[in-house]
2 protein chains.
Amino acid sequence: MFASRPVVHPMEVAAPANPAQQPQGVLMKDLPGMPGTPSGLALRVTQLLLAAVSLAVMSSTSDFATVSAFCYLIAATILQCVWSLSVAIVDIYALLVKRCLRNRRLVAVFAIGDAITCGVIFSGACAAAGITVLIDEDLNMCSENHCSSFQTAVSMAFMCSFSLSPSFVLNFWSAAFAYSRVVAAG
Amino acid sequence: MFASRPVVHPMEVAAPANPAQQPQGVLMKDLPGMPGTPSGLALRVTQLLLAAVSLAVMSSTSDFATVSAFCYLIAATILQCVWSLSVAIVDIYALLVKRCLRNRRLVAVFAIGDAITCGVIFSGACAAAGITVLIDEDLNMCSENHCSSFQTAVSMAFMCSFSLSPSFVLNFWSAAFAYSRVVAAG
């Protein structure tokens, strides 16, 4: 597995004393929230739970299928659950075998995946919020609809997209940081 | 004005031959689309025009005020027009006096401003798109409403948010790049 490097160095191979001697494309700093750290895993589990709650609440309403925006929100939360679960499994593996996941290419893949899922779930939450506000405030038809369920699902989806943004910002920042070190080294 | 540095060096002061001797926090590369470049100015003018067209088309409909999401889209396009116009004026000034705007703090301010306005106009476009699809596809009430105007305004707002993303990515990347050089230098 070339995408990670061991944190625990064998006694025969001394760990590089000078950070400038580390292999290119590998980051120095261990920022909280990065992939492969306990706080990064906590962020992923939070995202997974929020997306799952949003999915469960929205799909429990009987009439979500009549509105396209609600169907789109359900698709977005399913995508988010799959992505967060995949990255969480990678994080758990990295924590168990004590390996860093701060390789330049891997960080770039995580940043792109976070950007896509964040955009998809944020757009789904905004579209569903527009419909919910229309039903609730503009038309006053809450008595005939499941307004509280819609509001819960939308707010969970918004919180999920907000919990995604630290992951994305950290990964994107780290990718730029690692890339600039490669440029500076050669 | 400490936020910029002259591109044209006087004859007495030689330009630093080695990029490592440049002042800290100033970027080396002149990427197209960065603030202070002609392509950056073109991006800003594009954003301004798209937001202005979206604002004009949406406000020309008689019944936008009855839907909260459409009012929010109008507010978002006004914010976008103000932001793009401000940055375009700074760009024109920088191009006229031949100064680079690639200072670390200035690039960070541009990145944060782009992120906020991009998020606001994207959420407005998504919410308005949710309502437009509801009227058009789910309820089939286009005959009573200005569906084509709504669709035009929404698509212009989406194109505006997509034209914002290169500006944001370039500025954010440059801020991380400049910060990593400051860290590497000391």
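This section describes the nonpolar cores and the cysteines of a predicted model.

The largest nonpolar core comprises 61 residues. Those with the most contacts inside this core are A:Met58, A:Phe70, A:Ile131 and A:Phe158 from chain A, together with B:Met58, B:Phe70 and B:Ile131 from chain B. Helices of both chains contribute: in chain A, α1 (38–60), α2 (68–96), α3 (104–138) and α4 (147–185) each supply at least two residues of the core. In chain B, at least two residues each come from α1 (38–60), α2 (68–96), α3 (104–138) and α4 (147–185).

The surroundings of B:Ile131 illustrate how the two chains meet within this core. When residues up to four places away in sequence are left aside, B:Ile131 touches A:Gly130, A:Ile131 and A:Leu134 of chain A. Within chain B, the residues touched by B:Ile131 are B:Val67, B:Ala69 and B:Phe70. Apart from the largest core lies another one, consisting of six residues. Among its members are A:Ala111 and A:Phe168 of chain A, as well as B:Ala111 and B:Phe172 of chain B.

Attention now turns to the cysteines. Over all chains, the structure holds two disulfides. In chain A, A:Cys142 is joined to A:Cys147, with a distance of 2.0 Å from S to S. The torsion about this S-S bond is about -100 degrees, and the disulfide of A:Cys142 and A:Cys147 is therefore left-handed. With a relative accessibility of 25%, A:Cys142 counts as partly exposed, whereas A:Cys147 is buried, its relative accessible area being 7%.

In chain B, the disulfide links B:Cys142 to B:Cys147, again with S to S at 2.0 Å. This link is left-handed, with -100 degrees about the S-S bond. B:Cys142 has a relative accessible area of 27% and is thus partly exposed, while B:Cys147, at 7%, is buried.

Two further cysteines of chain A take part in no disulfide. One of them is A:Cys81, for which the nearest cysteine sulfur is that of A:Cys160, 7.6 Å away. Since a disulfide requires sulfur atoms within 2.5 Å, this separation of 7.6 Å leaves A:Cys81 outside any such link. A:Cys81 is buried, with 14% relative accessible area. The other is A:Cys160, likewise in no disulfide, whose nearest cysteine sulfur belongs to A:Cys81 at 7.6 Å. A:Cys160 is also buried, with a relative accessible area of 0%.

Definitions and conventions:
Residues numbered from 1 in each chain as written. Chains lettered and ligands numbered in written order. Predicted model: local features only at pLDDT ≥ 70, side-chain atom pairs only at ≥ 80, totals over all residues. Heavy atoms only, no water. Core = buried A, V, L, I, M, F, W, Y, C linked by side-chain atoms within 4.5 Å. Buried < 20%, exposed > 50% of the residue type's maximum accessible area, 1.4 Å probe, protein only. Helix = DSSP H or I, 4+ residues; strand = E, 2+ residues; numbered from the N terminus. Contact = heavy atoms within 4.5 Å.
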